[in-house]
Amino acid sequence: MRAWYERNTGNRRTICYNNLWHSSHVYNLVRSGRKQPYKPLTACAVLFFMKEKTPEDYMRLALSEAKKARDIDEVPVGAIIVHQGKIIARAHNLREKNQQASAHAELLAIQKASKKLGTWCLNECDLYVTLEPCMMCSGAISLSRIHHLYYGTDDPKGGAVISRMDLKTIPHIGAYPRAITGGILKEDCAYILSDFFREKREKTKRKKNTGTTDIPEPANDEHASCM
Ligand SMILES: [Zn+2]
């Protein structure tokens with residue numbers, strides 16, 4: 001029986017010798033440069049999370065904020081603020097919930113970031129927002145000295161960065177943000193808005209047809225944080 005076991009499986013000592021041989025063989029291959037050393041799983045995970053994020057990565061996070069707004073029937077606009085590679089503020093539009101005209105995603109994010117850093121001056125921060133900021137938010141972004149503004153889709157009706165006015169051409173006010181980049185994940189950012197307003201219109205139409213209410217049509221049918 002013992003002979004059969006050793007012949008078919010190898011006894012403990014044989015297995016141990018095999019492991020030792022394998023380890024030293026791999027070690028020699030690594031030393032001679034013929035094989036890359038194994039990277040522990042934890043090191044790979046750390047490298048993954050330390051990977052520098054792209055503007056698209058951050059805009060996806062802003063989009064997830066916009067989805068939170070949509071889920072509570074707010075106009076879906078989301079914003080995040082990044083300081084030294086770290087997200088320090090996330091916010092979404094809360095105008096209806098708070099019943100405040102100023103509760104736009106950008107303003108709420110700026111307030112959170114200032115509170116977090118203990119300063120009104122956010123000149124080391126970048127702001128990502130899914131929709132081109134309105135006049136109010138563009139002013140706040142400029143006055144809080146955001147370094148780089150990234151936005152998703154243009155707002156041809158109310159955008160005050162490039163659409164309705166060119167922020168960078170205004171003396172003094174246009175000094176900040178230092179850089180502006182639009183069109184990050186443009187299609188995704190536009191779709192969430194147009195889909196939201198399409199559903200609103202359909203809902204209003206259904207209610208009108210059943211004669212249960214006289215809820216008015218939305219003032220702006222798309223791309224409007226200030227509808
Ligand atoms: Zn705004």
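At what angle do helix 6 (residues 105-117) and helix 7 pack, and how far apart are their axes? In this predicted model, the two helices pack at an angle of about 25°, and their axes lie 9 Å apart. Because angles under 35 degrees count as roughly parallel, helix 6 is roughly parallel to helix 7. The crossing of helix 6 and helix 7 is left-handed, and the contact between them is made by E106, L107 and I110 on the side of helix 6 and by C137, A140 and I141 on the side of helix 7.

The sheet is considered next. Five strands form an open sheet in the order 2-1-3-4-5, with mixed pairing. Strand 2 (86-92) and strand 5 stand at the edges and have a single partner strand each, so that one side of each is left without a neighbour in the sheet. On average, and with direction ignored, neighbouring strands of this sheet are turned by 15° against each other. Helix 6 lies across strand 1 (78-83), strand 2 and strand 3, and runs at about 145° to strand 2. Helix 8 (residues 186-210) also packs on the sheet, where it touches strand 3 and strand 4, and the direction of helix 8 makes about 60° with that of strand 4.

The pairing within the sheet can be followed from strand 1 to strand 5. Strand 1 and strand 3 are joined by five bridges in the antiparallel sense, and H83 stands opposite C125 in strand 3. Strand 3 (residues 125-131) and strand 4, by contrast, run parallel and are likewise joined by five bridges; in this pairing Y128 stands opposite Y150 in strand 4, while L131 has T153 of strand 4 as its bridge partner. Strand 4 in turn pairs with strand 5 (residues 179-181) in the parallel sense, over three bridges, and H148 is placed opposite A179 of strand 5.

Strand 3 and strand 4 are also linked through a helix, since together with helix 7 (residues 135-143) they make a right-handed β-α-β unit. As for the surroundings of these two strands, seven of the seven residues of strand 3 are buried, so strand 3 is largely enclosed by the rest of the structure. In strand 4 (residues 148-153), five of the six residues are buried, and this strand is therefore largely enclosed by the rest of the structure as well.

A further helix pair involves helix 8, whose contacts with the sheet were described above. Helix 4 (residues 55-71) and helix 8 pack at an angle of about 5°, with 11 Å between their axes, which means that helix 4 is roughly parallel to helix 8. In this pair, L63, A66, K67 and R70 of helix 4 meet D188, C189, I192 and F196 of helix 8. Helix 8 thus has contacts with helix 4 and touches strand 3 and strand 4 of the sheet.

Key
Residues are numbered from 1 along each chain as its sequence is written. This is a predicted model: local features need pLDDT of at least 70, side-chain atom pairs count only at pLDDT 80 or more; totals for chains, interfaces and linings use all residues. A residue is buried if 20 or more other C-beta atoms lie within 10 Å of its own, exposed if 12 or fewer, and partly exposed in between; C-beta atoms are placed from the backbone. Helices (H or I, at least four residues) and strands (E, at least two) are DSSP runs, numbered from the N terminus. Two strands pair if DSSP finds at least two bridges between them. A crossover is right-handed if, with the strands pointing away from the viewer, the path from the first strand over the helix to the second runs clockwise. Axes are lines fitted to C-alpha atoms, for helices over the stretch in contact, and angles run from 0 to 180 degrees between N-to-C directions. Angles under 35 degrees count as roughly parallel, over 145 as roughly antiparallel, 65 to 115 as roughly perpendicular and the rest as oblique. A crossing is left-handed if the near helix is turned anticlockwise from the far one by less than a right angle, and right-handed if clockwise. Two residues are in contact if their C-beta atoms, placed from the backbone, lie within 7 Å.
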